[in-house]
Amino acid sequence: MRQVYLDNAATTQVSDEVLDAMLPYFNRSFGNASSLYQMGRQAAEAMEKAREQVANAIGADTKEVIFTSGGTESDNIAVIGAAHAMREHGNHIITSTIEHPAVMEPCRHLEKEGYEVTYLPVDCEGIVSLDALNDAVTPNTILISVMHVNNEIGTIQPIEEIGRVAKENDILFHTDAVQSLGKIPVDVDDLGVDLLSLSGHKIHGPKGIGALFVRKGTRVKAVEYGGGQERGLRSGTENIPGIVGMGQACEAAARDLEKNAAHMTRLRDKLIDGITKEEYVRLNGSRTMRSPNNANLSFHYIEGESLVLMLDMKGVEASTGSACSSKELQASHVLLALGMPPEQAHGSLRFTNSIYNTEEDIDYVLDVLPDIVQKLMAMSPLYKPY
Ligand SMILES: *Cc1c(COP(=O)(O)O)cnc(C)c1O
């Protein structure tokens with residue numbers, strides 16, 4: 001059976017060039033980057049090369065990049081670390097209602113510490129309103145955190161404009177760029193950000209590695225303590241193979257951006273156009289301000305989970321738009337934020353392609369999906385076929 005992996009917003013295949021770059025650092029040159037002898041120095045050199053690769057990919061200086069254990073940790077250090085560092089200047093934070101949990105939960109935590117958080121609404125396409133942002137800014141605002149590309153619906157936020165508002169009001173600005181690097185241009189100066197989060201495994205790098213851009217002069221407090229590695233912001237022995245992989249993945253993401261984005265856009269549009277010909281389905285998010293690899297669709301009368309399971313039986317790997325908590329099936333907070341009724345949010349399906357997908361993959365999905373949908377609709381208590 002054909003296997004078609006279309007869940008690249010969840011994680012991606014490690015590329016050959018990334019794997020090749022990493023391998024020597026597991027068992028041949030396995031030193032600790034803090035050690036003084038030759039193998040330790042080799043590790044330190046490999047890490048500095050990787051830091052340069054990450055910095056170059058986002059238009060930063062090498063001194064402005066720290067390695068972390070992933071996108072989640074980068075977001076935590078950025079949001080909590082900046083909030084703590086700026087506490088004497090105010091206690092107000094602005095974020096959006098559609099952030100990844102890695103930003104949302106640190107914000108909730110800060111609320112318990114006495115910070116005030118404004119969660120900006122989004123319009124029906126999932127785009128943050130600049131008017132709402134301007135209205136939300138107070139003299140007490142110390143941090144704005146709005147994601148670059150949303151992981152569920154692929155919406156691209158107006159980061160440059162938000163950056164301008166932040167700068168005018170002298171407010172720190174963080175963006176989660178985990179889903180944007182390698183899909184759309186990411187340049188820290190163009191975006192006007194002070195802090196920017198990246199993750200390895202969303203860009204054909206390994207899992208468990210990420211990076212945080214911290215603009216020169218930006219104050220951030222550590223959120224955990226130890227040996228003081230990574231300028232004291234991320235203590236712990238550096239994950240050298242992961243860091244080398246992260247560097248290579250970032251280099252490739254920036255180097256091949258145009259070619260890859262064109263390929264992903266072609267596949268995305270083929271899928272969207274093919275599926276939305278049917279009347280029982282609609283596209284979630286924006287048609288234009290959309291990541292090249294994301295198609296998020298809502299099917300009427302049926303549940304996303306059932307679709308995922310039936311597609312899996314045909315070798316197609318996709319996911320629901322909703323991240324279900326283990327205790328209860330909760331509709332996606334992102335889809336609900338678009339103003340979608342819960343039953344429609346439950347019927348959502350996310351396809352996220354990558355450079356490894358082909359036109360034939362999409363043809364296959366378009367071939368098997370309508371039958372599955374018809375079967376599930378026929379079984380649905382909500383569907384009345386007249
Ligand atoms: C996956 C993801 C994260 C978390 O990154 P990890 O490396 O898995 O911790 C954060 N933000 C967004 C937008 C993501 O898609």
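A crossing is left-handed if the near helix is turned anticlockwise from the far one by less than a right angle, and right-handed if clockwise. The model on screen is predicted: local features need pLDDT of at least 70, side-chain atom pairs count only at pLDDT 80 or more, and totals for chains, interfaces and linings use all residues. Residues are numbered from 1 along each chain as its sequence is written, and side-chain values use heavy atoms, with hydrogens and water left out.

**Stop 1: helices 4 and 5**

Select residues 71-85, helix 4, and residues 101-112, helix 5. Helices here are DSSP runs (H or I, at least four residues), numbered from the N terminus. Their axes, which are lines fitted to C-alpha atoms over the stretch in contact, come within 8 Å and cross at roughly 30 degrees. That makes helix 4 roughly parallel to helix 5 (angles under 35 degrees count as such). The crossing is right-handed. Now show side chains: on helix 4, the residues in contact (heavy atoms within 4.5 Å) include Val79, Ile80 and His84; on helix 5, Val103, Pro106 and Leu110 are among them. By class, this contact has 8 nonpolar, 4 polar and 1 charged residues. Ala, Val, Leu, Ile, Met, Phe, Trp, Tyr, Cys and Pro count as nonpolar, Asp, Glu, Lys and Arg as charged, and the others, Gly among them, as polar.

**Stop 2: helices 3 and 9**

Next select residues 38-58, helix 3, with residues 240-255, helix 9. The axes come within 8 Å, crossing at roughly 30 degrees, and that makes helix 3 roughly parallel to helix 9. Helix 3 passes helix 9 in a left-handed crossing. Ala43, Met47 and Ala50 are among the helix 3 residues that meet helix 9, whose side includes Ile243, Gly247 and Glu251. The contact divides into 12 nonpolar, 3 polar and 1 charged residues.

**Stop 3: the two domains**

Colour domain 1 (4-12 + 256-379) and domain 2 (16-255) separately; the bounds come from an automatic or database domain assignment. Their C-alpha centres lie 27 Å apart. The contact takes 31 residues from domain 1 and 34 from domain 2. Between them the domains bury about 2,600 Å², 51% of it on carbon and sulfur atoms; buried area is the accessible area (1.4 Å probe) that two parts lose on being put together, summed over both. Label Thr12, Asp256 and Leu257: in domain 1 these lose the most area to domain 2, together 23% of what that side buries.

Note on methods:
Axes are lines fitted to C-alpha atoms, for helices over the stretch in contact, and angles run from 0 to 180 degrees between N-to-C directions. Helices (H or I, at least four residues) and strands (E, at least two) are DSSP runs, numbered from the N terminus. Angles under 35 degrees count as roughly parallel, over 145 as roughly antiparallel, 65 to 115 as roughly perpendicular and the rest as oblique.
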